[in-house]
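Please walk me through this model in the viewer, one selection at a time. Tell me what to pick next and what is found there.

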Amino acid sequence: MTQRMTNRFAKLAEENRPAFVTYFMGGDPNFETSVEIMKGLPQAGADVIELGMPFSDPMADGPSIQAAGLRALKQGQNLPRTFDMVRAFREDDQDTPIVLMGYYNPIYQYGSEKFLDDAKEAGVDGMIIVDLPPEMDAELCIPALSRDLNFIRLATPTTDEKRLPKVLSNTSGFVYYVSINGITGAAAPKPDEVAKSVAHIKAKTDIPICVGFGVRTAEQAAAIGRAADGVVVGSAIVSTVADSLKDDKPTKNTVSDTLKLVASIAEGVRTARH
Amino acid sequence: MNVQSPNSFRMGPDEEGQFGIFGGRFVAETLMPNILELDEAYKKAKRDPEFLSELEYLNKHYTGRPSPLYFAERLTEHLGGAKVYFKRDELNHTGSHKINNCLGQILLAKRMGKTRIIAETGAGQHGVASATVAARFGYPCMVYMGAKDVHRQSPNVFRMKLLGAEIESVTAGAGTLKDAMNEALRDWVTNVEDTYYLIGTAAGPHPYPELVRDFQSVIGKECREQIQEAEGRLPDMLIASVGGGSNAIGLFHPFLDDDSVQIVGVEAGGKGLEGDEHCASLTAGRPGVLHGNRTYLLQDAEGQIEEGASISAGLDYPGIGPEHSWLKDTGRVDYVPIMDTEALEAFQLLCRLEGIIPALEPSHALAEVVKRAPTMDKDQIIVMNLCGRGDKDVHTVAEALGIEI
């Protein structure tokens with residue numbers, strides 16, 4: 001685990017509150033605005049930042065994240081610019097962990113080793129690569145771990161007893177428990193079932209468990225955060241960015257609306273265990 | 001890329017589901033248990049005499065196999081070179097080779113206890129074949145089809161509806177096969193417990209490339225026997241069109257270890273390889289990861305997938321089955337592009353010379369036959385896979401020729 005990630009979860013455990021993990025799409029609606037959003041996230045209550053890397057064919061994502069990715073690509077977002085965003089963020093913030101999230105092909109084309117070296121240099125802490133299951137660990141996971149970068153794995157409701165150890169092996173940073181079978185931004189998860197699943201995974205690992213997919217409101221975040229070590233919110237943030245745009249361009253409300261939403265959900269996360 | 005020649009070209013994939021570096025299982029975790037379950041189910045099924053005999057029965061009595069191997073006498077005379085044979089999979093029930101795969105997979109779905117079928121389709125041939133087997137076995141069926149294809153293949157859309165399938169018109173991206181496959185994968189991730197994803201081509205995560213190839217290999221196996229019977233020897237050349245590559249791998253696979261048989265796969269060259277309006281992933285693409293497998297892809301410098309373009313909806317896919325990528329890199333199979341205009345000419349030629357209206361997909365293979373046969377000796381033999389009939393394409397052809405019908 002990177003030092004930043006370890007420190008962050010240790011601090012949160014001390015405060016007895018779950019982590020608020022925020023996903024947003026890098027480069028949406030343009031580079032400058034998304035840097036501004038990113039820089040504002042910790043102040044608005046984000047404990048860990050997931051920085052989305054756009055891909056033309058995001059097979060596990062719902063309509064809002066698909067659309068955000070296409071907007072970002074149209075504005076020229078790519079891996080070098082993703083690293084630029086991380087560098088810009090690190091100018092003011094040395095403590096908030098940054099996790100890159102996306103699909104494998106752009107990384108494979110960039111060169112896996114070069115991707116990891118550049119990510120490390122820019123100040124990235126880990127990555128979630130949706131289409132790299134444990135069966136494909138040799139591609140990126142093992143080289144990432146050897147550089148002390150976190151490789152965060154998804155566990156899902158379909159991850160059964162037999163498969164769980166395989167999913168947990170080589171996972172580091174945190175485990176991202178996908179609360180529903182489905183795409184991002186779909187149906188809301190049932191807190192009771194999520195709590196059961198989280199307890200089940202916790203019995204097998206000491207790594208923090210963060211829960212995401214379908215969490216949109218402060219109330220939902222609070223309910224999920226009771227059992228989980230962290231709550232991930234993505235599509236709701238990305239949709240707020242989208243709603244603030246005019247002809248796909250940012251307006252004066254884009255950054256403020258987005259951070260306001262983040263702050264309101266953060267409130268829910270913070271009260272989860274009170 | 002140069003890859004060392006293996007002892008046999010017919011042993012793949014390996015335990016990891018890879019053909020050399022190609023193939024694999026690049027999918028979201030939600031799907032992994034299902035894919036492993038499918039792998040198990042298929043391993044058992046292919047050794048189960050009951051499964052094999054049920055499939056054989058259906059192939060024979062439902063599809064009408066074996067499909068004939070037909071000597072195209074007038075075309076041969078016209079071209080003035082090698083003897084041209086057609087493997088006539090366009091005579092199958094539903095009008096293309098797609099039914100071979102669908103019957104195999106629906107039997108797997110049944111064994112796995114799934115209760116709902118989803119499929120993607122480009123030209124609509126696989127959608128029709130999926131809807132057909134779903135009707136035959138009493139399953140609800142949802143077919144994802146790009147909006148552009150829904151328009152240009154409207155007869156097939158109506159056929160699917162008649163067969164009781166639901167059609168979801170996909171507007172994301174350019175609204176073609178790639179986008180339909182993305183939507184089908186999203187459906188599968190959401191309904192993974194009860195749903196069987198009936199992939200139509202020899203691509204996707206392992207074990208799909210392997211099992212689709214195996215179900216389609218009935219084409220090549222029959223062909224070996226039939227050409228022996230007709231000519232007393234193996235052909236000199238095999239030619240088939242490749243979109244995802246299922247009809248081609250079905251014909252090629254049983255011949256891969258026969259050195260004397262030259263093998264040619266024909267990609268959609270669209271309006272030419274210099275622009276971006278083509279689908280020649282092997283000739284003009286490079287290896288990448290999409291839809292669960294590593295394979296040659298049309299993509300930009302940063303790994304974003306590009307839309308293909310072809311007059312033939314069935315070839316309009318920016319990827320290719322992983323085994324074809326490996327066969328290209330090992331040099332066992334030659335892959336060449338054919339332009340829209342060449343395919344259109346070949347289409348018309350076959351109508352007039354042989355009284356056969358071919359689909360636009362095999363019309364690409366036919367255009368390559370038209371180029372190669374005249375350069376070969378008269379005692380040489382070409383077998384081409386005539387994998388689909390062209391009724392579905394008459395509107396597209398009329399439009400391309402500027403004729404109103």
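Against which elements of chain A do the buried residues of α2(A) pack? They pack against β1 (19-25), β2 (48-52), α4 (79-90) and α12 (254-270) of chain A. Bear in mind throughout that this is a predicted model.

**Stop 1: helix α2 of chain A**

Select residues 31-44 of chain A, which form helix α2. The helix has 14 residues, and the distance from its first C-alpha to its last is 20 Å, close to the 20 Å expected at 1.5 Å a residue. Now show side chains for A:T33, A:S34, A:V35, A:I37, A:M38 and A:L41, the buried residues of α2(A). Add β1, β2, α4 and α12 of chain A to see what these residues pack against. Then step past the end of the helix to A:G45, which follows α2(A) and has a positive phi, near 120°.

**Stop 2: chain A as a whole**

Zoom out to the whole of chain A, with its 12 helices and nine strands. Its C-alpha trace spans about 45 × 40 × 35 Å along the principal axes. The radius of gyration is 17 Å, which agrees with a compact globule because one of 274 residues would have a value near 19 Å. Colour by burial: buried residues make up 57% of the chain. Of the contacts in chain A between residues at least 6 apart in sequence, 75% join residues at least 24 apart.

**Stop 3: where chain B touches chain A**

Select the contact between the two chains, to which chain B gives 25 residues and chain A gives 32 residues. On the chain B side, the elements that give two or more residues are β2 (22-26), α1 (32-45), α8 (177-190) and β11 (286-290). Highlight α8(B), since the largest share of this side, six residues, comes from there. Colouring this side of chain B by class gives 12 nonpolar, eight polar and five charged residues.

**Stop 4: a sheet in chain B**

Stay with chain B and select the six strands of an open sheet with mixed pairing, in the order β3-β4-β14-β9-β10-β13. At the edges are β3 (69-71) and β13 (334-339), each of which pairs on one side only. From one strand to the next the twist averages 25°.

Zoom in on β3(B) and β4(B), residues 83-87, which pair in the antiparallel sense over three bridges. Within this pair, B:Y70 stands opposite B:F86 of β4(B). Last, add helix α10 of chain B, residues 218-231. This helix lies across β3, β4 and β14 (381-385) of chain B and runs at about 45° to β3(B).

Notes. Residues are numbered from 1 along each chain as its sequence is written. Chains are lettered from A and ligands numbered from 1 in the order in which they are written. This is a predicted model: local features need pLDDT of at least 70, side-chain atom pairs count only at pLDDT 80 or more; totals for chains, interfaces and linings use all residues. Two strands pair if DSSP finds at least two bridges between them. Helices (H or I, at least four residues) and strands (E, at least two) are DSSP runs, numbered from the N terminus. Axes are lines fitted to C-alpha atoms, for helices over the stretch in contact, and angles run from 0 to 180 degrees between N-to-C directions. Two residues are in contact if their C-beta atoms, placed from the backbone, lie within 7 Å. The radius of gyration is taken over C-alpha atoms; the globule rule is 2.2 Å times the number of residues to the power 0.38. A residue is buried if 20 or more other C-beta atoms lie within 10 Å of its own, exposed if 12 or fewer, and partly exposed in between; C-beta atoms are placed from the backbone. Ala, Val, Leu, Ile, Met, Phe, Trp, Tyr, Cys and Pro count as nonpolar, Asp, Glu, Lys and Arg as charged, and the others, Gly among them, as polar. The expected span of a helix is 1.5 Å times one less than its number of residues.
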